[in-house]
Amino acid sequence: MNAGNSGSRADDSCCGCCGPSSSRRGFLARLGAFGAALALPAATHAQTRPALIDTHQHFYPPEYQKLWLEYEDARKQPHFPGQVVWSQSKMIEDMDRNGIRTGILSIASTPGVWFDVGPVEAGRLARACNEYAADMMRDHPGRFGLFATLSMLDIDATLKEIAYAFDTLKADGIGLQSSYGDKWLGNPAYTPVLEELNRRKAVVYVHPLVASCCSALSVGTFPAVIEVPHDTTRTVTSLLLSGSLARFRDIQWLFSHAGGTIPMMAGRINSFYGARPNLREFAPEGIEGELRRLHYDTANATFAPSMAALMKLVPVSQITYGSDYPYFGFGQFTELQKLGLSAGDLDAIGHENATRLVPRLRA
């Protein structure tokens, strides 16, 4: 979630984790959370054995946090309260309160590690963030995983960071942005990166941002409200039509926010490209088949119509629980429980699909 997407919605959705409040307000929030926990159906408590695995948690090393806040100040963007008060201890406290056994860490979206700096500095910051997350994994065994961040500005340096992330830091996968500057992931510039990730059979988690082209298209909203989900759709379509999904068959893709607008746009994409004579070259299983092979998380997408569209497009086996913490709270799993899903489907989304992607988390 982009930090610019703040406002009254933030206070309502972060489960008491979004910044300072009056003592009365804080007491009421804690009381409400306690009451909600007591009211959870028995299936919830059964679900927490093993507990939930959240594939969409953000983290903020002190250096990165400072750069982020300065970046927003320079653009007169309001800070998101949950990010401002983020700390390791608070994250673990909130995870415990909501039955989250393990959270997989990734750097937040706009602007990733770029911050209007050159490739050397962006690469250094990516390394510092990855090492910070690896320290969290060591300090709190079993509580965290890592989708390591890359700068993508210097391809040779990016390839070295992939090797360091996997071979030294033991990352669980790689976290990419949906776009970098004016390039989406299917751009030929990123072919060497995708080749290496395919060779390693890597899990590649993709988080959207507000693309540099489109921040002015927000029609009065914060840019993240509309542009963030659309940028996921742009990059999935880029990977599809470029043939990247066809060529790099061993990458295990995981896209945020139920795929952005992909569930609604899949039929339209198919209507334009599904009858192409060369369809099998870029979509061996057809347009819908290629989209069904991808994985999608539930972060900020547990609204019943959103989940209905996603589950019509892909099987439950392709969906993981994600929260987008600290921008949104951990309690979103209770929304999934209201959708009439079976206990088996809730277990699959809540932890089983994540452990299939990252077998280490089965322990």
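**Strand β3 and its surroundings**

Good morning. I begin with a single residue: Ser151 is found in the loop that connects strand β3 with helix α8. Please keep in mind that this is a predicted model.

Is Ser151 buried or exposed? Its relative accessibility is 4%, and because buried means under 20%, Ser151 counts as buried. Leaving aside residues up to four places away in sequence, the residues that Ser151 touches are Val113, Trp114, Ala122, Gly123, Ala126, Thr158 and Tyr180. One of these, Thr158, brings us to helix α8, which spans residues 155-167. Together with β3 and β4, helix α8 makes a β-α-β unit, and this unit is right-handed.

Let me turn to the strand that precedes this loop. Strand β3 covers residues 144-149, and six of its six residues are buried, so the strand is largely enclosed by the rest of the structure. In general, the side chains of a regular strand alternate between the two faces of the sheet. Which residues of β3 lie on each side? On one side are Phe144, Leu146 and Ala148, and on the other are Gly145, Phe147 and Thr149; all are buried, and both faces of β3 are thus covered.

Next, the neighbours of β3 within the sheet. Strand β2, residues 100-106, runs parallel to β3 and is joined to it by three bridges. Gly103 has Phe144 as its bridge partner in β3, while Ile104 has Gly145. Strand β4, residues 173-177, is likewise parallel to β3 and is joined to it by three bridges. Here the bridge partner of Phe147 is Gly173 in β4.

Strand β2 deserves a word of its own. Six of its seven residues are buried, so β2 too is largely enclosed by the rest of the structure. Five bridges link β2 to β1, again in parallel, and Ile53 has Thr102 of β2 as its bridge partner.

We may now view the sheet as a whole. How many strands form it, and in what order? Eight strands form an open sheet, ordered β1-β2-β3-β4-β7-β8-β9-β10, with parallel pairing. At the edges are β1, residues 52-58, and β10, residues 319-320, each of which pairs on one side only. Further along the order, β7 and β8 run parallel and are joined by four bridges; Val203 stands opposite Gln252 in β8.

I close with the empty space inside the model. Rolling a probe the size of a water molecule over the atoms shows where empty space is left. The count comes to one cavity of 30 Å³ or more, and the volume of the largest cavity is about 100 Å³. There are 14 residues in its lining, and the closest to its centre are Ile107, Thr149, Gly175, Leu176 and Gln177. Which strands each supply at least two residues of this lining? They include β3 and β4, already described, and β7, residues 203-207. By class, eight residues of the lining are nonpolar, six are polar and none is charged.

To return to the starting point, Ser151 is a buried residue in the loop between β3 and α8, and β3 itself is a strand with both faces covered. Thank you for your attention.

Note on methods: Residues are numbered from 1 along each chain as its sequence is written. This is a predicted model: local features need pLDDT of at least 70, side-chain atom pairs count only at pLDDT 80 or more; totals for chains, interfaces and linings use all residues. Side-chain values use heavy atoms; hydrogens and water are left out. Buried means under 20% relative accessible area, exposed over 50%, partly exposed in between (1.4 Å probe, protein chains only). Two strands pair if DSSP finds at least two bridges between them. A crossover is right-handed if, with the strands pointing away from the viewer, the path from the first strand over the helix to the second runs clockwise. Contact means heavy atoms within 4.5 Å. On a 1 Å grid over the protein atoms alone, a cavity is a set of points where a 1.4 Å probe fits but cannot get out, and a pocket is an open set with protein on both sides within 12 Å along at least five of seven lines; lining residues have an atom within 4 Å of a point. Grid points are joined across faces, edges and corners, and a volume is the space filled by probe spheres set on the points. Ala, Val, Leu, Ile, Met, Phe, Trp, Tyr, Cys and Pro count as nonpolar, Asp, Glu, Lys and Arg as charged, and the others, Gly among them, as polar.
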